[in-house]
Amino acid sequence: MRVAVIGANGQLGNDVVRAFTDNGDEVSALTHAEIELSSSASVSTALQVIGPQLIVNTAAMHHVEKCEAEPEKSFEVNTLGARNLALFAREAGAILMHVSTDYVFDGSKRNPYVEEDAPRPLNVYGNTKLAGEYFVRCTADKHFVLRTSAIYGKNPCRAKQGLNFVELMLKLARDRGKVRVVDSEFVTPTRTTEIAKQMVALSRSDSYGLYHATAEGSCSWYEFAQEIFRFTNTKVQLEVAGPNEFPAKVPRPTYSVLENRALKSNGLNVFTPWQDGLHEYLSPAPDSKKASHLISA
């Protein structure tokens with residue numbers, strides 16, 4: 001397939017480009033320098049040259065605090081950007097695969113959310129991503145909308161100063177010897193390579209629609225950190241942080257675990273337990289005797 005990956009230099013986009021390339025597809029990697037999602041003219045110009053059969057959108061304004069401070073910009077990128085892509089996909093007869101978020105929910109359910117559950121975002125980021133979902137689902141005839149959660153990958157996340165949660169925990173352990181993490185917020189840590197693998201599998205299907213796409217199982221952020229330190233044999237004093245010790249500047253769901261019901265019902269789910277993805281991420285490369293992130297604090 002001719003595949004255009006938008007946000008190709010991002011934490012997720014980098015692995016998506018690699019997954020489709022390894023699959024034998026003809027991949028065009030687009031960054032912000034090549035395409036401006038909020039501009040329909042830019043979207044049309046960039047994609048017409050490629051003539052993609054599949055458009056994969058991993059780009060977003062996802063820094064929650066910045067979205068709250070700049071709602072208009074967040075709307076332009078996360079909502080109007082999704083609409084511009086959906087309009088192009090419909091006119092070109094292309095498939096649109098669009099990444100969304102667990103933050104479309106408010107966390108009040110307290111057991112895994114399925115695709116049929118009514119969304120209720122708590123912040124600007126969640127609202128703009130949900131609105132983007134609706135544009136894709138109502139505009140693009142052939143679409144996949146993938147909601148995912150707590151992603152991490154080898155490629156640095158620029159919006160988070162280059163450190164994902166795993167690397168942040170290991171850095172804090174090295175620098176301080178003691179780490180405090182909340183145990184009252186629950187997610188499903190999901191490795192970017194697994195999401196990319198799921199995208200490739202979906203791209204070979206015509207079962208279009210809305211999908212939850214996360215690793216299997218769930219944990220609190222404290223339990224996530226606990227497993228990181230256990231697997232790497234990191235010597236650190238890990239403690240449970242108080243409920244108000246790290247007050248959020250923007251409301252977030254305290255429970256945003258997703259169930260991959262639609263993927264499973266269509267026989268398309270390729271995800272494994274979140275611990276498997278973490279262990280693979282933390283394991284040394286085949287040609288390396290020792291990975292730097294395995295060194296104990």
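Which residue is the bridge partner of Val3 in β3? Select the two strands and you'll find Leu54 there. Keep in mind as you click around that this is a predicted model.

**Stop 1: the sheet**

Start by colouring the strands. Six of them, in the order β2-β1-β3-β4-β5-β10, form an open sheet, and the pairing is parallel. Have a look at the two ends: β2 and β10 stand at the edges with a single partner strand each, so one side of each is left without a neighbour in the sheet. Going from one strand to the next, the twist averages 20°.

While the sheet is still coloured, add helix α4. This helix packs on the sheet and touches β1, β3 and β4. Its direction makes about 160° with that of β4.

**Stop 2: β1 and its two partners**

Now select residues 2–6, which are strand β1. This strand is mostly covered, with 4 of its 5 residues buried. On one partner, strand β2 (residues 26–30), the pairing is parallel and runs over 5 bridges. Two pairs are handy for getting your bearings here: Val3 has Val27 as its bridge partner in β2, and Val5 has Ala29.

Add helix α1 (residues 13–22) to the selection. Together, β1, α1 and β2 make a right-handed β-α-β unit.

Then swing round to β3, which is joined to β1 by 4 bridges, with the two strands running parallel. You've already met Val3 with Leu54; Ala4 stands opposite Ile55.

**Stop 3: β3, facing both ways**

Select residues 54–57 and show the side chains. Leu54 and Val56 point one way from strand β3, while Ile55 and Asn57 point the other way. Are these residues buried or exposed? All of them are buried.

β3 also pairs with β4, again in parallel, through 4 bridges. To find your place in that pairing, look for Val56, whose bridge partner in β4 is Met97.

**Stop 4: Thr101**

Stay on β4 and pick Thr101, which belongs to that strand. Its relative accessible area is 5%, and because the cut-off for buried is under 20%, Thr101 counts as buried.

What is Thr101 in contact with, leaving aside its neighbours within four places in sequence? Show Tyr125, Lys129, Arg147 and Thr148. Closer along the chain, turn on polar contacts: the side chains of Thr101 and Asp102 are joined by one of 3.1 Å, and the Thr101 side chain also reaches the backbone nitrogen of Tyr103 at 3.0 Å.

For a longer jump, draw a C-alpha to C-alpha distance from Thr101 to Leu258. They are 157 residues apart in sequence, yet 9.8 Å apart in space.

**Stop 5: helix α5**

Tyr125 and Lys129, both contacts of Thr101, lead you to helix α5, residues 124–139. The helix has 16 residues and reaches 22 Å from its first C-alpha to its last, close to the 22 Å expected. Zoom in on the start of α5, where a side-chain oxygen of Asn123 comes to within 3.4 Å of the backbone nitrogen of Tyr125.

Next, highlight the buried residues of α5: Val124, Tyr125, Gly126, Thr128, Lys129, Leu130, Gly132, Glu133, Val136 and Thr139. What do they pack against? Show α3 (64–69), α4 (71–92), β4 (95–101), β5 (143–148) and β10 (209–212), and you have the set.

**Stop 6: helix α10**

Finish with residues 274–282, helix α10. Its buried residues are Trp274, Gly277, Leu278, His279, Tyr281 and Leu282. They pack against helices α6 (165–176), α7 (192–203) and α8 (221–231), along with strands β6 (151–152), β9 (190–191) and β11 (219–220).

Last click: Glu280, in this helix. Is Glu280 buried or exposed? With a relative accessible area of 55%, Glu280 is exposed. Draw one more C-alpha to C-alpha distance, this time to Arg191: the two are 89 residues apart in sequence and 9.4 Å apart in space.

Note on methods:
Residues are numbered from 1 along each chain as its sequence is written. This is a predicted model: local features need pLDDT of at least 70, side-chain atom pairs count only at pLDDT 80 or more; totals for chains, interfaces and linings use all residues. Side-chain values use heavy atoms; hydrogens and water are left out. The expected span of a helix is 1.5 Å times one less than its number of residues. Buried means under 20% relative accessible area, exposed over 50%, partly exposed in between (1.4 Å probe, protein chains only). Contact means heavy atoms within 4.5 Å. A polar contact is a pair of N or O atoms within 3.5 Å; within protein, one must be able to donate a hydrogen and the other to accept it, and residues adjacent in sequence count only if both atoms are side-chain atoms. Two strands pair if DSSP finds at least two bridges between them. A crossover is right-handed if, with the strands pointing away from the viewer, the path from the first strand over the helix to the second runs clockwise. Axes are lines fitted to C-alpha atoms, for helices over the stretch in contact, and angles run from 0 to 180 degrees between N-to-C directions.
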